[in-house]
Amino acid sequence: MDEFLKEQENIEGEGQAQGNAVLPMIPIRGLVVFPLMSVHFDIGREKSIRALNLSLERNSIIFLAAQKDSRHSDPTPGQIHSVGTAVKIKQVLKMPGENVRALVRGLYRARIERYLVTDTHFEAEVSPLQPIGRDPLTIEAFKRSALGLFEEFIKLDLRIQPEIAEMIRTTGKADTFVDLLAAAAVYKDKDKQDLLKEEDVEERLNKLCVILSQEIEILKIEKKISGKVKLSIDKSQKEFYLREQMKAIHEELGDSDEEVLNYTAAIKKLKMPKESEKKVLKEISRLSKMPPSSPEATVIRNYADYILELPWKKETRDNTDLQLARKILDEEHYGMEKAKERILEFLAVHTLTRSIKGPILCFVGPPGVGKTSIVKSIAKALGRNYVKMSLGGVRDEAEIRGHRRTYIGAMPGRILYHMKNAGSVNPVFLLDEIDKLASDFRGDPASALLEVLDPEQNHAFRDHFIELPYDLSKVLFITTANTLDSIPPPLLDRMEVIQLSGYTEYEKLEIAKRYLLPKQAINNGLTLDNLEVPDEVIMFIIQHYTRESGVRNLERELASLCRKIAKELVEGSADIKSAKIKVDAKKAEEYLGVPRHKDDGLSDRDEVGAANGLAWTAVGGTTLTIEVQVIKGKGEIVLTGHLGDVMKESARTAISLIRAMADKYDIDSKVFAENDIHIHVPEGAVPKDGPSAGITIASAILSALIKKPVSKDVAMTGEITLRGKVLPIGGLKEKLLAARRVGIKKVLIPRDNGKDLKEIPENVRQSLEIVLVDNIQAVFEHSIIF
């Protein structure tokens, strides 16, 4: 203690004796140094190391001032506090790398008057701070108050060493008392800096008392919190010890209470509906009453695990930006305006109401038109998760509703399985090929889907495995089908049907340019810089290598084209990255082989007894030629070509109608009794049926009877009655596209279908002469060349 007091007197004397001094300076971060304070710190900045070395060369005295912001690695004079401490360097140690560690002892407080050097290192002229004391009695009162607070402080904070506390108690001078106490008991750098720069002793003591009072309050609160934590830890340790004992006992006995507790806690976190939670917890509680290895315990564990994996409340946030949603849909799919518009309507209404239930949409159209792929784009546009369930060939009701847990190997249905994979309660759920559902002795899956696809019921869908109501009302169900004929009416009634017709040649061209060709080029290791395929070549491939409503075969042909080009590039000696192949029609034929389709599928001349009809199939529209031959016989009607019942009735109706009109066309009535009429539709291996061939059959029969040809450029569709009226038909767009594909110039359609022409693309309407007819005589006038 005596040595400390002696050193204190020496330092104070040195500080008082000095006037202004020029000292090397180091800006320090996260540290405020007071006189009489010994501290070590690391130095790594090049400027600071130069200043340290300069000080060692002189008298080992250096000036330390704190930075205003410790984040600055190269501070300017304006970023350094003007008041700091002159210190004596006691020891310097070299550290790994370029760093050094210095041990210093504080001498006196000083203020920077001006900077002399700032580029290579900091050097400044400093003036010592002289303490100002006005009233000794007031100073003594403040000092005693501060000392009392310090005594209370050290009772709460045990980090202060007894030697330091004794030094503070025995210090005589108030200014030195503040320095020692601030260095030991003040923790915030801002408070330290305020005390360091203050010259008025009374004000320094006042500030110190305020800071100590605040620190004491904080320490009291910390002690209170620490006591609570210790009590909680003691209690937790006791509970842990008891649980470990219970666990050991249960392991010996084969009990599973801990497992039940874990399941119970996890179930409660799911925030399930109260009734469902109660039922699940009741099932789980049975675990504690049965041996862990029993088969029933395994079933209950599987049941609980599945409940925990299902999303009960987790919901993705819908994208409410209609412009962004439209942009995503347009970027990934060409056309399909009805489907896009319906999704945007759903999004707009959902934005306004926030409570709309998910609609159940059914996209119907031929293969390859993009029914499945647009559903992925819809999920992306809405910002929802996407799951797909293929229904083709599903014939077991348990596939939809799951098995009851009484069966060995019971498992949930695929609806809940895909909901688990979706991870949210509002995904876009694709039910693919809903028209391919089957049924047998195991049940009817179409009937099971009624509950799933009914907006009034699916908020409480019950799977046989979990036996709990599960909310599917927020799911956006979208189904796809090629035809509606095989979908049961009750199931169809629950869906909003959107027809996706086949593409025109120009639409296929755009799709090939925008999506298919770039995709296949990348898939086959090419870039669009490697090949040049003009529009006319793509159109050549469309017309001569594909005849379909969709673009699936077109994509295959483009893939084949890209593979041939890739092979040619690899076999060639040129640089693959810079090589480029231009494909013309001749080269396309060389790559793809002999064209599979002629320029048009028409006869090259007008024929007697042959009329061009238009038909709708599950893969789009098609043309078919109906042939009639009148031969000597006994008045029989022969129908060949694998015709269905509806077409057979249409044929008999047409013959009866023409017999009734025989006089009008100078047909001898004996012809019907003395001749057989043979009606044939080529491609006999393909079943044919439907209510739209009546006017075609009638035209072919009349042509054969009166020996007048039917125009090869005319195709027709429509059903007839015995009175000669022409009835409306369905699938008009597909039929017109088929007619256009094969080069038909004139198409006869029922007058009642005139309203449907609005939905036909403008380029299709302009390329065909579409004639509306309402009776059979008008049909004959336009089709038969008299």
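## A loop residue and a long separation

Ala410 has a relative accessible area of 22%, so this residue is partly exposed. The value sits above the 20% limit under which a residue counts as buried. The model described here is predicted. Ala410 belongs to the loop that runs between helix H14 (398–401) and helix H15 (414–422). Between the C-alpha atoms of Ala410 and Glu113 there are 87 Å, and the two residues are 297 residues apart along the chain.

## Positive surface patch

Four residues, Lys278, Lys279, Lys282 and Arg462, form a patch of positive charge on the surface. Helix H9 (residues 274–285) supplies the largest share of this patch, with 3 residues. One residue of helix H9 is Lys279. Lys279 has 35% relative accessibility and therefore counts as partly exposed. That figure also satisfies the patch criterion, which takes residues with over 30% relative accessible area and no salt bridge.

## Salt bridges

Side chains of opposite charge can pair when their charged atoms come close. In this model the count comes to 41 salt bridges. One of them joins Glu199 and Arg111, whose closest N and O atoms are 3.1 Å apart. Glu199 is in the loop between helix H6 (189–197) and helix H7 (201–253), while Arg111 is in strand S5 (residues 100–117), so this salt bridge ties together parts that are 88 residues apart in sequence. Both side chains belong to partly exposed residues: the relative accessible area is 27% for Glu199 and 26% for Arg111.

A salt bridge also connects Asp454 with Arg494, at 3.4 Å from N to O. Asp454 lies in the loop between helix H16 (445–452) and strand S10 (461–462), and Arg494 in the loop between helix H17 (489–493) and strand S13 (496–499); the pair therefore ties together parts 40 residues apart in sequence. Here the partners fall into separate accessibility classes, since Asp454 is buried at 12% relative accessibility, whereas Arg494 is partly exposed with a relative accessible area of 24%. In the pair of Asp713 and Lys712, the closest N and O atoms are 3.9 Å apart, which is within the 4 Å cut-off for a salt bridge. Lys712 is partly exposed, with a relative accessible area of 24%. Through shared partners, salt bridges join Arg109, Asp175, Asp179 and Arg204 into one network.

## Aromatic pairs

A pair of aromatic rings is described by the distance of the centres and the angle of the planes. The model has 7 aromatic pairs. For Tyr306 and Phe465, the ring centres are 6.2 Å apart and the planes stand at 70°, so the pair is edge-to-face. The class follows because planes over 60 degrees apart count as edge-to-face. This pair links distant parts of the chain, with Tyr306 in helix H10 (residues 295–309) and Phe465 in the loop between S10 and strand S11 (469–470), 159 residues apart.

Both rings belong to buried residues: Tyr306 has 10% relative accessibility, and Phe465 has 5%. Tyr306 and Phe465 are also part of a cluster in which ring pairs link them with Tyr303.

Key: Residues numbered from 1 in each chain as written. Predicted model: local features only at pLDDT ≥ 70, side-chain atom pairs only at ≥ 80, totals over all residues. Heavy atoms only, no water. Patch = residues over 30% accessible without salt bridge, like charges linked within 9 Å, V, L, I, M, F, W, Y side chains within 5 Å. Areas by Shrake-Rupley, 256 points an atom, 1.4 Å probe, with all protein chains shown as cover. Salt bridge = Lys/Arg side-chain N within 4 Å of Asp/Glu carboxyl O. Lys, Arg positive; Asp, Glu negative; His and termini not counted. Charge placed at Lys NZ, Arg CZ, Asp CG, Glu CD. Helix = DSSP H or I, 4+ residues; strand = E, 2+ residues; numbered from the N terminus. Buried < 20%, exposed > 50% of the residue type's maximum accessible area, 1.4 Å probe, protein only. Phe/Tyr/Trp six-rings, centres within 6.5 Å; stacked < 30°, edge-to-face > 60°.
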